[in-house]
Amino acid sequence: AVVRIVGEDHKGRREGRVVDVLERVNQRIVGRYVRDQDVGQVIPDNARIHHDILVPEKQRAGAKDGQIVTVELVEQPGKRTQPIGKIVEVLGEHLDPGMEIDIAVRAHGIPYEWPPEAMKEAERFGDSVQESHKQGRKDLRDKPLVTIDGADAKDFDDAVLCEPTKKGWGKGWTLWVAIADVSAYVEPSSPLDDEAQRRGTSVYFPEHVVPMLPEALSNGLCSLKPEVDRLCLVCEMQINTKGEIKKADFYPAVMRSHARLLYEQVAAMLDDPNEADELGYTELLPQLQNLHGVFEALFAARKKRGAIDFESTETRIVFDAQRKIERIEPTQRNVAHRLIEECMIAANVATAKFLAKKRMPLLYRVHTGPDAEKLANLKEFLATRGLSLGGGATPEAKDLAAVLEQAKQRDDARLVQTVLLRSLSRAVYSPNNEGHFGLALENYAHFTSPIRRYPDLLVHRAIKHIHAGGKPGEFTYSHGDMEALGAQCSAAEQRADDATRDVDDWLKCEYLRDHLGEEYDGIITGVTAFGLFVEIDGIFASGLVHVSSLNNDYYHYDAKGHCLRGERSGTVHSLADRIRIKVARVDLDERKIDFEPVVANSGDQGKSNKNRKPKNRKANSKKRKRS
């Protein structure tokens with residue numbers, strides 16, 4: 001929009017008036033088609049869009065009342081007129097299996113259709129590596145590289161191998177991290193590259209993926225499947241027993257994965273070597289033990305430098321044959337998950353240092369510490385808990401890690417971790433190296449997943465540019481190009497997170513619709529003036545306990561203490577407290593769940609309600625509306 005400055009408000013902030021709208025954000029909108037007395041409208045699924053869209057009879061494309069559709073705007077809303085649109089796609093009935101994904105993809109503008117040119121380009125490479133593409137590469141096919149992933153993974157973009165360091169390097173290990181060489185197939189400014197850049201990232205929904213690259217590449221030619229030749233870009237590192245990367249080399253290679261291992265299998269073999277015989281991987285056991293050795297060294301170095309290690313729980317939604325939710329279960333992280341994580345971090349660090357030394361334009365993975373306001377709020381909160389944060393005005397990651405360690409055995413450990421986590425900013429992609437606060441690293445860039453992240457593909461191109469003898473000024477991308485791409489990729493990542501969160505919320509709402517009235521134990525994950533947000537144990541679905549349902553007292557909101565405090569009783573409901581709730585209402589359209597507390601009301605509940613101050617009750621009502 002073009003905006004003209006017209007003055008200042010009472011706080012001295014500039015005010016403006018919209019002169020002209022240059023580009024509309026929403027050209028297509030997903031929603032429910034409804035008919036009322038021969039008048040058709042689409043009610044947007046996005047709650048932030050407040051206009052219903054009128055659909056003329058000739059433009060409804062056969063849509064029936066109640067169906068989910070995509071509508072294209074043909075006339076924008078005016079001051080006194082509704083927007084008008086035409087239906088361009090009928091998605092189906094509201095509760096059709098997979099509808100939540102169809103809605104999220106379209107509502108968040110995630111590209112899901114492949115341009116014919118991109119598909120044609122992807123398919124012309126065939127399903128096996130051409131001999132001409134193997135020329136000029138280091139041959140690692142005899143090296144027992146293996147992939148270690150989850151059971152449902154389809155795109156294997158990293159393989160690892162670890163051996164004791166040969167004589168002359170001292171004690172330590174040689175670690176190979178081989179990454180699928182996507183850049184060998186996706187050339188800058190090609191149809192494939194344009195589409196990959198537009199998508200920015202693969203988006204992972206429950207049992208469904210919207211990939212960054214066509215499946216011919218992502219699940220085929222670029223996937224490091226066992227016992228087939230694949231092109232890769234290798235980071236070969238010399239790591240000592242202190243977990244320090246003493247040397248790193250990068251080179252294009254051709255490899256052949258010797259096994260597709262699962263996290264659970266690797267963890268079992270490391271815990272009990274006899275499991276290797278049972279699983280048929282006896283020959284691979286020594287290298288898995290070497291991987292565990294280098295992991296322990298890298299993890300010890302991670303703890304020493306003070307990286308923040310938050311404990312979190314992710315969930316997996318299990319469907320039945322009709323794609324109805326059978327159960328929601330937590331995913332368990334084991335030593336194999338951490339092992340691969342540390343190997344990938346090491347390769348990412350080595351990559352960032354290598355390219356920084358060569359002065360190449362690249363996208364760093366940047367994570368900054370708390371800003372001044374969040375830092376002040378954090379220190380104030382910690383003081384109320386008898387804790388203090390070191391580091392003065394510019395604390396480091398180790399200072400936050402020290403607070404977590406202090407709180408580890410306390411009853412409020414979960415609360416402290418939650419508040420610390422919320423004080424941190426979101427990690428982004430930027431050509432300006434500001435370090436990674438959470439990992440306590442000065443140099444960090446994403447190198448390990450070019451199948452599913454566009455920044456990794458750019459990093460691969462930079463490495464190959466140096467390998468070919470190119471200079472920074474001759475690279476396809478300038479610093480300015482990287483700034484624009486960094487913003488675009490960060491936005492794509494945020495878009496993917498928002499879409500997956502929407503789907504997750506939808507599915508959990510759908511699940512709890514069948515459990516109305518049932519009681520669960522949960523933990524308070526958010527406190528506001530209008531109530532408590534509670535996450536159910538085991539299911540990890542969140543809902544609201546509205547302050548009006550806490551009817552045994554009148555509660556005041558304490559922002560500094562992250563709690564609601566009873567006026568008479570002094571009862572406190574605080575962030576991370578345990579609470580038992582009942583599922584009261586579920587609104588699938590709004591993705592909202594309402595809970596009621598399961599508590600014995602105090603004997604003088606009536607007195608408490610009677611003595612509530614009307615002024616405060618009115619104020620609380622206003623806050624509820626504003627929320």
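**Exercise 1. The surface patch**

Which residues form a nonpolar patch on the surface, and what accessible area do they have together?

*Solution.* The structure is a predicted model. The patch consists of Val2, Val19 and Leu22, which together have about 270 Å² of accessible area. One of these residues can be followed further: valine 19 is placed in strand β2, residues 14-20. Its relative accessibility is 46%, so valine 19 counts as partly exposed; the exposed class would require over 50%.

**Exercise 2. The second largest pocket**

Describe the second largest pocket by its volume, its lining residues and the classes of those residues.

*Solution.* Begin with the volume, which is about 680 Å³. Next, consider the lining: 28 residues contribute to it, and Ala301, Arg305, Ala440, Leu441 and Glu442 lie nearest the centre of the pocket. Then turn to secondary structure. Helices α8 (285-305), α9 (335-357) and α11 (397-407) each provide at least two residues of this lining. Finally, sort the lining by class: 11 residues are nonpolar, seven are polar and 10 are charged.

**Exercise 3. The largest cavity**

Determine how many cavities of 30 Å³ or more the whole structure holds, and characterise the lining of the largest cavity.

*Solution.* A search of the whole structure returns one cavity of 30 Å³ or more. The space in the largest cavity amounts to about 40 Å³. Its lining is made up of Leu95, Asp96, Pro97, Gly98, Glu100, Arg323, Lys324, Leu507 and Glu510. Divided by class, the lining has three nonpolar residues, one polar residue and five charged residues. The polar residue is Gly98, because glycine is counted among the polar residues in this scheme.

**Exercise 4. Tyrosine 511**

Is tyrosine 511 buried or exposed, and how far is it from glutamate 326 in sequence and in space?

*Solution.* First locate the residue: tyrosine 511 belongs to helix α14, residues 479-513. Its relative accessibility is 15%, so tyrosine 511 counts as buried, the limit for that class being under 20%. Then compare the two separations. Tyrosine 511 and glutamate 326 are 185 residues apart in sequence, while their C-alpha atoms are 8.4 Å apart in space.

**Exercise 5. Salt bridges**

State how many salt bridges the whole structure has, then examine three pairs and one network.

*Solution.* The search of the whole structure finds 45 salt bridges. Side chains of opposite charge can pair when their charged atoms come close.

- *Step 1.* Glutamate 57 and arginine 60 form a salt bridge through their side chains, at 2.8 Å from N to O. Glutamate 57 is partly exposed because its relative accessibility is 45%. Arginine 60 is also partly exposed, with a relative accessible area of 21%.
- *Step 2.* Arginine 578 and aspartate 537 form another salt bridge, at 2.1 Å from N to O. This pair links distant parts of the chain, 41 residues apart: arginine 578 is in strand β27 (residues 578-587), and aspartate 537 is in the loop between β22 (531-536) and β23 (542-546). With a relative accessible area of 51%, arginine 578 is exposed, whereas aspartate 537, at 33%, counts as partly exposed.
- *Step 3.* Aspartate 558 and arginine 565 meet in a salt bridge of 3.1 Å, N to O. Aspartate 558 counts as partly exposed at 23% relative accessibility, and arginine 565 counts as partly exposed at 38%.
- *Step 4.* A network of salt bridges links Glu131, Lys134, Asp139, Arg141, Asp229 and Arg256.

Methods
Residues numbered from 1 in each chain as written. Predicted model: local features only at pLDDT ≥ 70, side-chain atom pairs only at ≥ 80, totals over all residues. Heavy atoms only, no water. Patch = residues over 30% accessible without salt bridge, like charges linked within 9 Å, V, L, I, M, F, W, Y side chains within 5 Å. Areas by Shrake-Rupley, 256 points an atom, 1.4 Å probe, with all protein chains shown as cover. Salt bridge = Lys/Arg side-chain N within 4 Å of Asp/Glu carboxyl O. Helix = DSSP H or I, 4+ residues; strand = E, 2+ residues; numbered from the N terminus. Buried < 20%, exposed > 50% of the residue type's maximum accessible area, 1.4 Å probe, protein only. 1 Å grid on protein atoms, 1.4 Å probe; cavity = no way out; pocket = protein on both sides within 12 Å on 5 of 7 lines; lining within 4 Å. Points joined across faces, edges and corners; volume = space filled by probe spheres on them.
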